[in-house]
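Biologist: Could you walk me through this one? I'd like to hear the reasoning behind the words you use.

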Amino acid sequence: MSDLTATTADIDSRLEGHRVELTGFCYRMLGSAFEAEDAVQDTLVRAWRNFDKFEGRSSLRSWLYRIATNVCLDMLNAGNKRARPVDLTGPTPLAQAALNPLPENTWLEPMPDGRILPSVADPAEAAVARESVRLAFVAALQHLPPKQRAVLILREVLAWKASEVAELLDTSVASVNSALQRARATLTDHQSVAADAADPLDEEQRKLLERYVAAFEGYDMAALTALLHEDAIMTMPPFDLWLQGHDDITGFMLSIGASCAGSRLVATSANGTPAFAHYKPNPDGPGFVPWAVQVIDISDGAITGMHCFLDTPRWFPLFGLPDHLEADAG
């Protein structure tokens, strides 16, 4: 019995060691934090049940990716493409701003860095991993057919050889190379300008974020305007509107969003970029209550994107964030 227990514990440990990178892969494939975690759990359960059939002809990692890819392809058969508000409509003029929610499965979801970015020693490899979980990149991936999506992630992000991808997908090297070429062309059409690298933050980026926190918490629209790129965007899933330009963003914050005055921001990280847990004053008592996870894009020394995910009962537990801040928090 002790040998069996040891073997069971060893299998558990070996499978669990791949959880973070598999979650990153499934998140890129599916665009959903919770679907990605479900897919990985399904993958590990299937691997556990079939471990006695794993013959070692490929590495355990390759075998797990084969299972995970099949799980994701099955989940994508429904054809749902997750998106950002900017992918669905043009910007909403402030005068027409209205809060119309769309179903949860419409939206690309944020993901905590710790759940999708494994620790790696190579800075270049770490940079590629972070770039490939940015909201803009994952949104662009959603425009690819599922198998092209898998090919591109395995080849370009995870640096698999064409022959390895062909074996995983039970296809030819020529087919893999053709799919990669088509995927690259589609991605070029749909990918927006990349945000600046933000890991680690350089001194200028740190100071920019410090000024952002001070301006937001102080609800100082002049100070905030000075930090926003003139074409900065603000999104607020599950609402379909998005705003462009500092005049419309600050105008919204002073009108429909005025209840956010006096808020507190707590630093976190998501999608390879700086992020904040946004708590607004508790309308029913002291302290502050969850309002949004903000994912921030920075480019050329200015803030170019404020992506505010408002479904806090889902996001705050995922990010390990408290459900209340005391009045003296700051």
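Modeller: Here is a short chat about helices, a sheet and a pocket, all in a predicted model.

Biologist: Why are α9 and α11 called roughly perpendicular to each other?

Modeller: Helix α9 (residues 146-157) and helix α11 (residues 173-190) pack at an angle of about 95°. Angles of 65 to 115 degrees count as roughly perpendicular, so α9 and α11 earn that label. Their axes are 9 Å apart.

Biologist: And which residues of α9 make the contact with α11?

Modeller: On α9 they are Q148, V151, L152, R155 and E156. The α11 side includes V176, L180 and L187. Sorted by type, the contact has seven nonpolar, two polar and four charged residues.

Biologist: Now the sheet. What makes β2 and β3 edge strands?

Modeller: The order in this open sheet is β2-β1-β6-β5-β4-β3. β2 (242-244) and β3 (264-270) each have a single partner strand, so one side of each is left without a neighbour in the sheet.

Biologist: How do you know that β3 pairs with β4?

Modeller: Pairing takes at least two bridges, and seven bridges join β3 to β4 (residues 273-281), so the two strands pair. They run antiparallel, and L265 stands opposite H278 in β4.

Biologist: Last one: what is the lining of the second largest pocket made of?

Modeller: That pocket has a volume of about 370 Å³. Its 19 lining residues divide into 12 nonpolar, one polar and six charged. The largest share, five residues, comes from α7.

Notes
Residues are numbered from 1 along each chain as its sequence is written. This is a predicted model: local features need pLDDT of at least 70, side-chain atom pairs count only at pLDDT 80 or more; totals for chains, interfaces and linings use all residues. Side-chain values use heavy atoms; hydrogens and water are left out. Axes are lines fitted to C-alpha atoms, for helices over the stretch in contact, and angles run from 0 to 180 degrees between N-to-C directions. Helices (H or I, at least four residues) and strands (E, at least two) are DSSP runs, numbered from the N terminus. Angles under 35 degrees count as roughly parallel, over 145 as roughly antiparallel, 65 to 115 as roughly perpendicular and the rest as oblique. Contact means heavy atoms within 4.5 Å. Ala, Val, Leu, Ile, Met, Phe, Trp, Tyr, Cys and Pro count as nonpolar, Asp, Glu, Lys and Arg as charged, and the others, Gly among them, as polar. On a 1 Å grid over the protein atoms alone, a cavity is a set of points where a 1.4 Å probe fits but cannot get out, and a pocket is an open set with protein on both sides within 12 Å along at least five of seven lines; lining residues have an atom within 4 Å of a point. Grid points are joined across faces, edges and corners, and a volume is the space filled by probe spheres set on the points.
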